[in-house]
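Colleague: Please take a close look at a single strand of this model. I should like a connected account of its surroundings, its neighbours in the sheet and the path of the chain that leads to it.

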Amino acid sequence: MPIRPYRPDDLEGLYKVCLKTGDSGQDATDLYRDKHLLGAIYAAPYGRHAPDLAFVVEDGGQVAGYIVGTADTRAFEALLEDRWWPMLRAAHADPQSVPWSERTPDQHLERLFHKPNTAPDAVVAAYPAHLHINLLPHLQGQGLGQRLIDTLSDALRAAGARGLHLGVSEANTRAQRFYDIYGFTRFPDQPSPGTIWMVRDLT
């Protein structure tokens, strides 16, 4: 299965794969009315603003998996604050006034447009790069995850990154096992309830 660098016409493919894997690796299509919300947070901004660190798996001419990331998390956050989130904030009202328990799934994501999640300072200081990776279910378990991580890791090293981090839901033990296998360890301090921070040395 070929892995190749991201191209601008792959953008819709990033949105689709993100949605199709957005429920702890399973299809999240039925969870959201707006099918672009997940991708607008976890995939599309990397294609738009860090395309040199984006790679896709192509299956039958379609994007069926991807890995995206950045070598400098804080710089990327600042870039998105300037060039990505304002566009989404203008199109999606902030549901802050709606009690958390009463928000729709779409509103939970729209809140992240207005208040994006950030990794803890200690994690970013030691492991400044980060990634997001997704593969459609029919391609999982074939070694493509390892190939994608190796491909991005090589590109991050070339960009000068010395360490890589990611956050995974505490409930998603399947994903945690995946990252365990591929060389990630748990950051010693876990300051974010519900999120496990996993790290990998790139030196």
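Modeller: Two strands are said to pair if DSSP finds at least two bridges between them. Helices (H or I, at least four residues) and strands (E, at least two) are themselves DSSP runs, numbered from the N terminus. The model is a predicted one, in which local features need pLDDT of at least 70, side-chain atom pairs count only at pLDDT 80 or more, and totals for chains, interfaces and linings use all residues. Residues are numbered from 1 along each chain as its sequence is written, and side-chain values use heavy atoms, with hydrogens and water left out.

The strand I have chosen is β5, residues 163-169. Because five of its seven residues are buried (under 20% relative accessible area with a 1.4 Å probe, protein chains only), β5 is largely enclosed by the rest of the structure.

One neighbour of β5 is strand β7, residues 195-201; the two run antiparallel and are joined by seven bridges. Within this pairing, Gly163 has Asp201 of β7 as its bridge partner.

Another neighbour is strand β4, residues 129-135, which runs parallel to β5 and is joined to it by two bridges. Here Leu164 of β5 is the bridge partner of Ala129. Between β4 and β5 the chain passes through helix α8, residues 144-158, and this β-α-β crossover is right-handed: with the strands pointing away from the viewer, the path from the first strand over the helix to the second runs clockwise.

Note on methods:
Buried means under 20% relative accessible area, exposed over 50%, partly exposed in between (1.4 Å probe, protein chains only).
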